[in-house]
Amino acid sequence: MEPVDNQPQAKRRKYDQANQEEQSIIESENGSCATHENTGCVTFPGNEMGNSCVSNVIEDQETKCTKVGAVHRKWEDFTSLYKSSQGTNESKETSSGKQKEGFDFSVMSYNILAQDLLEDNSHLYKHCSQPLLQWGFRFPNILKELKQLDADILCLQEVQNNHYRQQLKPVLESLGYHCEYKMRTGNKRDGCAICFKRSKFSLISASPVEFYRPKIQVLDRDNVGLVLLLQPVLSQSAALLCVANTHLLYNPRRGDIKLAQLAILLAEINKLASDGTGGYWPIILCGDFNAVPDSPLYNFIRNGKLIYDGLPMGKVSGQEQSHRGQRALTKPLWPPSLGISPACQYETLKCQQILKDAEKPLDAKDSSEELKDATSKKNSHLDEETSSAIQHNFRLMSAYSHYIAGTGKAEVTTCHSRSAVTVDYIFYSTTEHSTFANSGGAPHVGSLQLLGKLALLTEQDLWTVNRLPNENNSSDHLPLLAKFRHKL
C-alpha cells in the first residue's frame, strides 16, 4: 500500500518542495477481481521442507497443489547446493569432534494492507470490486494464507491495531504463536508485528523502535520498527537469533527520511544482536522498505556503505524516474543530537565501550590519550575520503534475487492499480559476500544458510489475475517466505 499522507500530526501539513506528492498519472480503470476460473496453486516440485509448512500447504499429494493464491508460486529448493559443497549431514563435526547442530526454521514477511489505509487510498484499488475490499472478506483470506504457509516466524506490516488486538493476535496465539506488536506513533492506527512459534523459539528480549523524534526535522514521521532476540528452544546451544521488522516511509522524494529511519533501526539491531565478543548473532531483517532493488538504499543495506553527499533525495529509493528539481542530500544526514553515529551505532554504546576498555590494565599506557587513540582506530571506518558516508557492520544478503531465473524478468512484491514493483525483502546475515548469494540463495560462509524460498511473480503474472488485491489474494502485497538453517 502507498499511503498518500505520512505526517505525524492529526492535521495534514502542506508538503515542502521536496515532499510534494506525485501527481496521479493513472486513469480510472474498470473491471472487477479475478474469478475462480483464474485460481491456481502454490507448487513445491520435488521438495521436502522438513517442517509442517509443506504438509499444511499441500492438500493434494498427487498434484502437490492447493488454492492459496490466484497464480502458481513454486518452491525453490537450495538444499542440494549445500549438500554438494558442504556434505549431506544437517549436523557437522566441529574441530573438537563434537556435532554442530543445524536448526531449521522458516520466515515470512508480509504487508497485509491495513483496512484504514486501503480506504484512505481507494484510488489504488480501482481494479477491484468493493465487496472484495471489505475487511470481513479480506481477513479470512489473509488468515488462510498464514495458516497454509505456516511460517515459524511472521514479520507483518500494516497490521491495524484493532484488528490485531481483536482478531489476529488471538487466532495466532491459538495456533501456537507468541506475538509482539508496535503501533505507529501519532494518530496512526497500524504498525508492525513479529510472531513466532513458541514450539521453536523463546523470547530473550523485544525492542520496539520509534522513528519519530521531536525537534529533528528529518525524523518527523510516524513509522516504526520492531527488533526481537530469540533463542531456539530445542537446541543445546546458547546461540541466539535477531529478527527485525519495519515499514519505512513511502514518500519517494524523501530519501533523507528513509535513510535516517533505517539508521535508527540498524542502531537498535547493532545493540540487540551484539554477542558480547565483538561479533553479532545471526540477523534476519524483514519489511516493506519502500525502495526498489539496486537503489542506493537497497545497496546500502546489502553493501554496508553509502556515500550520500549530493545524491538527489528522490533517487535514494529508486521509486521515481525523474529527479529534476529535487534537493540533494547534504551532510550530516541527521544532527548529532540523535545520538547515532555515521556507522549506525548508538553513541552511548561507544561511550560504554570506552569505559569498559578503561577498566582494563593499561600496561604502561599513558593515561587516556592512548585509549582515545585505540578507540579512534577501532571506530574509524569512515576516513576523510568518505566523510559523507554512512555504513553498518552487518553483511546482509537478500533471500530473493529480484529477477526470474531464465527469463531475466523482474520479480514484483506489490501490484495494484498504479504500480508493480519490489519493495518487500527478507535480508539475512552472512560472514562474507559471494556471487552465489548475490543471485538469491546458494552456499555462503555464515551461520545462516538459505535452504529455499517461495518464488515471486512478474507483473505480467499478476495482471492475468487482475493484480492485487483479488478474489484469492487479499493484500496488495505478496507474502515472502524463506527457509533457513541456523548452524548452532
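The exercises below, each with a worked solution, concern a predicted model.

**Exercise 1. The chain as a whole**

Find how many helices and strands the chain has, and what share of its residues is buried.

Solution. Begin with the secondary structure, which comes to eleven helices and 20 strands. Next take burial: of the 488 residues in the chain, 55% are buried. Finally, consider contacts with a separation of 6 or more; residues 24 or more positions apart account for 74% of these.

**Exercise 2. Helix α4**

Check the span of α4 against its number of residues, then list its buried residues.

Solution. Step one is the length. The helix has 15 residues, and the expected span is 1.5 Å times one less than that number, so α4 should span 21 Å. Its end C-alpha atoms are 21 Å apart, which agrees. Step two is burial. The buried residues of α4 are Trp135, Arg138, Phe139, Asn141, Ile142, Leu143, Glu145, Leu146, Gln148 and Leu149. Charged side chains are included, namely Arg138 and Glu145. Step three is the end of the helix: Asp150 follows α4 and has a positive phi, near 55°.

**Exercise 3. Helix α5**

Compare the expected and actual spans of α5, locate its kink, and state what its buried residues pack against.

Solution. First, α5 covers residues 161-174, and its 14 residues should span 20 Å at 1.5 Å a residue. The distance between its end C-alpha atoms is 19 Å, which agrees. Second, the axis is kinked by about 40° at Leu168, shortly before Pro170. Third, Leu168 is itself buried, along with His163, Tyr164 and Leu172. An α-helix has 3.6 residues a turn, so residues three or four places apart point the same way. Tyr164, Leu168 and Leu172 are among the buried residues of α5. Fourth, the buried residues pack against the helices α3 (115-120) and α4 (135-149) and the strands β6 (153-160), β7 and β8. After α5 comes Gly176, with a positive phi near 100°.

**Exercise 4. The β7-β8 hairpin**

Determine in which sense β7 and β8 pair, and over how many bridges.

Solution. Take β7 first: this strand spans residues 177-183, and five of its seven residues are buried. Its pairing with β8 (residues 190-197) is antiparallel and runs over seven bridges. One of the bridge partnerships joins Lys182 to Cys192 in β8. Six residues lie between the two strands of this hairpin, and in the turn Gly186 has a positive phi of about 70°.

**Exercise 5. Cysteines**

Explain why Cys155 and Cys286 are not joined by a disulfide.

Solution. A disulfide is a covalent bond between the sulfur atoms of two cysteines. The cut-off is a sulfur separation within 2.5 Å. For Cys155 the closest cysteine sulfur is that of Cys286, at 3.8 Å, which is too far for a bond. The search of the whole structure likewise finds zero disulfides. As to burial, Cys155 is buried at 0% relative accessibility, and Cys242 is also buried, with a relative accessible area of 0%.

**Exercise 6. Aromatic pairs**

Classify the ring pair formed by Tyr425 and Phe427.

Solution. The whole structure holds 13 aromatic pairs. In the pair of Tyr425 and Phe427, the ring centres are 5.3 Å apart and the planes lie at 25°, so the pair is stacked. The cut-off for stacking is under 30 degrees. Tyr425 is buried at a relative accessible area of 1%, and Phe427 is buried at 0%. Ring pairs also link Phe103, Phe105, Phe201, Tyr428 and Phe484 into a cluster.

Key. Residues numbered from 1 in each chain as written. Predicted model: local features only at pLDDT ≥ 70, side-chain atom pairs only at ≥ 80, totals over all residues. Heavy atoms only, no water. Buried < 20%, exposed > 50% of the residue type's maximum accessible area, 1.4 Å probe, protein only. Helix = DSSP H or I, 4+ residues; strand = E, 2+ residues; numbered from the N terminus. Pairing = 2+ DSSP bridges. Bend = angle between axes of the 7 residues up to and from the residue. Contact = heavy atoms within 4.5 Å. Phe/Tyr/Trp six-rings, centres within 6.5 Å; stacked < 30°, edge-to-face > 60°.
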